[in-house]
Amino acid sequence: MMDVAVAYNRFKFIGEEFLTWLWFVIATDPKLAVKYDPDFVALEVGNRMVLENTRKESAERVTIKGDGASLEEGMMALQKGALVSELNLVYRSAELKWQFSVKGESLNISALSIPHSGLPESDEDLDGVVLERADLYERAIKLLEGLFGHFIKLRISSTWQNKTRSAIRNWIQS
Amino acid sequence: MSLLSSSVSITRYRVHGRIDSPVMETVADALNNNVIKEIDDQSSDRTIGWTSFAKPFQPNFSGSSFVYGSFFVFSLRIDKKNIPPKVVQKQYTMEADRRMIKSGRNFLSKSEKKQIKDHVINVLSLRIPATPNVYDIIWNMEAGWLWFFSNLKTANEELETLFTQSFKLSLIRIFPYTEADLFCELSDSQRDALRQLTPTRFIE
């Protein structure tokens, strides 16, 4: 395998393209995630999105914050060549709701809130609470890994150049 | 950060290598050999080690106390003494004045000043308790993954160093390239294609 530090810097763009593609999927094919969760209900853009344009000499950064914020500014940034570098997502499965942010360059997860899970009331409760929480964290991570796996196979296929790239371009310009 | 918090951050890792049998004893020994050491009555200003998830201030890895279902759950603790610079300056000035009066001089050499500063920091370090920071870990040994409940760069670097030192296993941080290479079940030709990728320009 390639040196980790070299790979991190050289392939940062993959994470940003993934988050940009993910916004495109949420807008145009939201049921794609059903493949990775049979109880899938919805995946939505949450309360934070950061876009960065590194094509310009001085990198431009646009941050959109707040529940129900308009994403118009984000779309304008895409039209100028920016990519999504951080995205907050709301994920619903059956009756449950997760919310978390993903950073493109690292795929680190932050501000992850899971469906309500009780806190341990005694030492005996701790095992059960930890295992329940681990399962709830894993469900959000599995969804993210499933979607990233879908993206990466598409990204290295000829379909990306022949079809997906122009579909994303049309969506950005529409 | 606790995995029981209402909002958490997670950095994901792949664990490379296998633990020697008997696994539970090997893991317990590794944790015990690198357990956090208290520095409250010592001049050290920083200490790093493993601690128990359930009782981070009374580490105990006996029996299967770190086993939760099929996971190992424990924590990284980093204790640091933060001495406010203004406190150091005050104590330094007072001590420097005392030395000058005692010696009858109105100046101190560079080495004397350094000696006083080191002495002041040493004395203050003995008096100031260390501030603990606890970061939880869930390790699924069978599946070969580990979640570290923090995205802080320094905490992640300390984890990687201590984990390798303790368990003789390497941690590979998951980011776009490693996620693709290690988790996406790519064929050899797909891996070649991955290595050749260049940025897409959606807008010309």
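**Exercise 1.** Determine whether the end-to-end distance of helix α4 of chain A in this predicted model agrees with the span expected from its residue count.

*Solution.* Helix α4(A) covers residues 123-155, which makes 33 residues. The expected span is 1.5 Å times one less than the number of residues, so the helix should extend over 48 Å. The C-alpha atoms at its ends are 48 Å apart, in agreement with that expectation. As a further step, list the buried positions of α4(A): among them are A:Val130, A:Tyr137, A:Leu144, A:Phe151 and A:Arg155.

**Exercise 2.** Establish how the buried residues of helix α1 of chain B are arranged about its axis, and identify what covers them.

*Solution.* Begin with the burial criterion: 20 or more other C-beta atoms within 10 Å of the residue's own. In α1(B), residues 23-33, the buried residues are B:Val27, B:Ala30 and B:Leu31. Viewed down the helix axis, these residues fall within an arc of 95°, and therefore they line one face of α1(B). Next, consider the face turned away from the buried side: it carries the exposed residues B:Glu25 and B:Asn33. Finally, the elements covering the buried residues include β2, β4 and α4 of chain B.

**Exercise 3.** Describe the side-chain pattern of strand β7 of chain B and the pairing of this strand with β1(B).

*Solution.* In a regular strand, side chains alternate between the two faces of the sheet. Strand β7(B), residues 170-173, shows such alternation: B:Leu171 and B:Arg173 point to one face and are buried. B:Ser170 and B:Ile172 point to the other face and are not buried. Turning to the pairing, β1(B), residues 8-16, is antiparallel to β7(B), with four bridges between them. Within these strands, B:Ser170 stands opposite B:His16.

**Exercise 4.** Characterise the contact between chains A and B, beginning with the residues that each contributes.

*Solution.* Chain A contributes 41 residues and chain B 35 residues. On the chain B side, β1, β4, β7, α5 and α6 each supply at least two residues. The largest share, seven residues, comes from α5(B). Sorted by class, the chain B side comprises 23 nonpolar, nine polar and three charged residues. Strand pairing also links the chains: β5(A), residues 109-113, runs antiparallel to β1(B) and is joined to it by two bridges. The bridge partner of A:Ile109 in β1(B) is B:Ile10.

**Exercise 5.** State the confidence that the predictor assigns to the complex and to chain B.

*Solution.* For the complex, the ipTM is 0.93 and the pTM 0.91. Chain B has an average pLDDT of 93, with 100% of the residues scoring at least 70. Among the elements of chain B, α3(B) has the lowest mean pLDDT, 92, and β6(B) the highest, 98.

Conventions: Residues are numbered from 1 along each chain as its sequence is written. Chains are lettered from A and ligands numbered from 1 in the order in which they are written. This is a predicted model: local features need pLDDT of at least 70, side-chain atom pairs count only at pLDDT 80 or more; totals for chains, interfaces and linings use all residues. A residue is buried if 20 or more other C-beta atoms lie within 10 Å of its own, exposed if 12 or fewer, and partly exposed in between; C-beta atoms are placed from the backbone. Two strands pair if DSSP finds at least two bridges between them. Two residues are in contact if their C-beta atoms, placed from the backbone, lie within 7 Å. Ala, Val, Leu, Ile, Met, Phe, Trp, Tyr, Cys and Pro count as nonpolar, Asp, Glu, Lys and Arg as charged, and the others, Gly among them, as polar. The arc is that of the directions from the helix axis to the C-beta atoms. pLDDT is the predictor's confidence in each residue, from 0 to 100.
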